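Please load the model in a viewer and keep the sequence panel open beside it. The tour proceeds by selection, with a short account of what is found at each stop.

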Amino acid sequence: LIGRLMLELPEEMGLIAVAVRQTQGKGRGGNVWLSPVGCALSTLHITIPLHSNLGQRITFIQHLVSLAVVESVRSIPGYEDIDLRVKWPNDVYYSDLMKLGGVLVNSTLIEATFHILIGFGFNVNNSNPTICINDLITKFNKEEGTKLKPLTADCLIARTVTVLERLIDIFQEKGPNGVLPHYYKYWVHSGKQVHLHSEEGPLAWIVGIDDYGFLQVHEEGKGVESVHPDGNSFDMLRNLIVPK
């Protein structure tokens, strides 16, 4: 639907599709994404000029969206310590324990403009099969003696889009350094050690992400190298970065 409309509407018009339930969603690598009622689900269309800071580093957009999802909750007064985090390259996690949502970005370059379709979905209100944002809020209330209210999918979709708009503006003005300190504040990988290629593979330390959004790892004796998200998969449960 969005793909058909995006070239027919005026460029200044915003375009978003919001789903209550999703039965034919797509994940990375051709994975199927099923989403029941209770999730925040949407596809957003934006345009990015090729000759801009973000246009020259377009892979960064997925990191900005993941950060926007986390910030949609953690920028609400009182909700700053709800333990939502970003996992490279495009997942939203509860601490470093469970996946709560994900982001999928498709881009098409037409003349000097990127047309970006951003699909994001995250679990707001389903306790099964894993955990949801409102479970985290309930847990936080019990532990801290607070009375934070549950959040709604509609509210968090709106907040995500608003935060994303601000992050894009910052990136266009200041480049990666304008957003990376904030990204690292919420990401799950700080100081983590991983195996490369296999469980018996060489050990490396996760350093950060480079100016193009690729993961940087430091392997003993080899220095810092960048790992491309499309060619590698990060298995957090086994602390592995393996070719896909």
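## Stop 1: Ser95 and the neighbouring loops

Begin with Ser95, whose relative accessibility of 18% lies under the 20% limit, so this residue counts as buried. The model is a predicted one. Ser95 sits in the loop that links strand 6 to strand 7. Its phi is near 50°, a positive value for a residue that is not glycine.

Next, select Glu111, in the loop between strand 7 and strand 8. Here too a residue other than glycine takes a positive phi, of about 55°. Is Glu111 buried or exposed? With a relative accessible area of 77%, Glu111 is exposed.

Then move to Trp88 and Pro89 and display the backbone. The peptide bond joining Trp88 to Pro89 is cis, and its omega is near 0°. Pro89 belongs to the loop between strand 5 and strand 6, the latter covering residues 91–94.

## Stop 2: the six-stranded sheet

Show the cartoon and select strands 1, 4, 8, 7, 6 and 5. These 6 strands form an open sheet in the order 1-4-8-7-6-5, with antiparallel pairing. Which strands stand at the edges? They are strand 1 (15–19) and strand 5 (84–87); each has a single partner strand, so one side of each has no neighbour in the sheet. On average, neighbouring strands of this sheet are turned by 20° against each other, direction ignored.

As a general point, the strands of a sheet pair through backbone hydrogen bonds, in a parallel or antiparallel manner. The individual pairings can now be followed across the sheet.

- Strand 1 with strand 4: the two run antiparallel and share 5 bridges. Select Val18 to find its bridge partner in strand 4, Ser42.
- Strand 4 with strand 8: 11 bridges connect these antiparallel strands. Leu44 is placed opposite Ile118 of strand 8.
- Strand 7 with strand 8: residues 98–110 and residues 113–123 are joined in the antiparallel sense by 10 bridges. Gly102 faces Gly121 of strand 8.

Now add helix 4 to the selection. Helix 4 packs on the sheet and touches strand 1, strand 4 and strand 8. The direction of helix 4 makes about 25° with that of strand 4.

Remain with strand 4 and colour its residues by accessibility. Of its 11 residues, 8 are buried, so strand 4 is largely enclosed by the rest of the structure.

## Stop 3: Val124

Select Val124, located in the loop between strand 8 and helix 3 (133–144). How accessible is Val124? Its relative accessibility is 1%, so Val124 counts as buried.

Expand the selection to the contacts of Val124. Leaving aside residues up to four places away in sequence, Val124 touches Gly38, Cys39, Ala40, Cys132, Ile133, Asn134, Leu151, Thr152, Ala153 and Leu156. For one of these contacts, draw a C-alpha to C-alpha distance from Val124 to Thr152: the two are 6.9 Å apart in space and 28 residues apart in sequence.

## Stop 4: the second largest pocket

Turn on a pocket display for this stop. Rolling a probe the size of a water molecule over the atoms shows where empty space remains. The second largest pocket has a volume of about 330 Å³. Among the 14 residues lining this pocket, those closest to its centre are His45, Ile46, Thr47, Glu165 and Ile168. Which elements give two or more residues to the lining? Strand 4 (39–49) and helix 4 (153–174) do so. By class, the lining divides into 7 nonpolar, 3 polar and 4 charged residues.

## Stop 5: strands 9, 10 and 11

Finally, select strand 9 (residues 193–196) together with strand 10 (residues 203–209), an antiparallel pair with 3 bridges. Within this pairing, Gln193 stands opposite Trp205 of strand 10.

Extend the selection to strand 11 (residues 215–219), which runs antiparallel to strand 10 and is joined to it by 5 bridges. Here Ile206 is opposite Val217 of strand 11. The hairpin of strand 10 and strand 11 has 5 residues between the strands, and in it Gly213 adopts a positive phi near 90°.

Conventions. Residues are numbered from 1 along each chain as its sequence is written. This is a predicted model: local features need pLDDT of at least 70, side-chain atom pairs count only at pLDDT 80 or more; totals for chains, interfaces and linings use all residues. Side-chain values use heavy atoms; hydrogens and water are left out. On a 1 Å grid over the protein atoms alone, a cavity is a set of points where a 1.4 Å probe fits but cannot get out, and a pocket is an open set with protein on both sides within 12 Å along at least five of seven lines; lining residues have an atom within 4 Å of a point. Grid points are joined across faces, edges and corners, and a volume is the space filled by probe spheres set on the points. Helices (H or I, at least four residues) and strands (E, at least two) are DSSP runs, numbered from the N terminus. Ala, Val, Leu, Ile, Met, Phe, Trp, Tyr, Cys and Pro count as nonpolar, Asp, Glu, Lys and Arg as charged, and the others, Gly among them, as polar. Two strands pair if DSSP finds at least two bridges between them. Axes are lines fitted to C-alpha atoms, for helices over the stretch in contact, and angles run from 0 to 180 degrees between N-to-C directions. Contact means heavy atoms within 4.5 Å. Buried means under 20% relative accessible area, exposed over 50%, partly exposed in between (1.4 Å probe, protein chains only).
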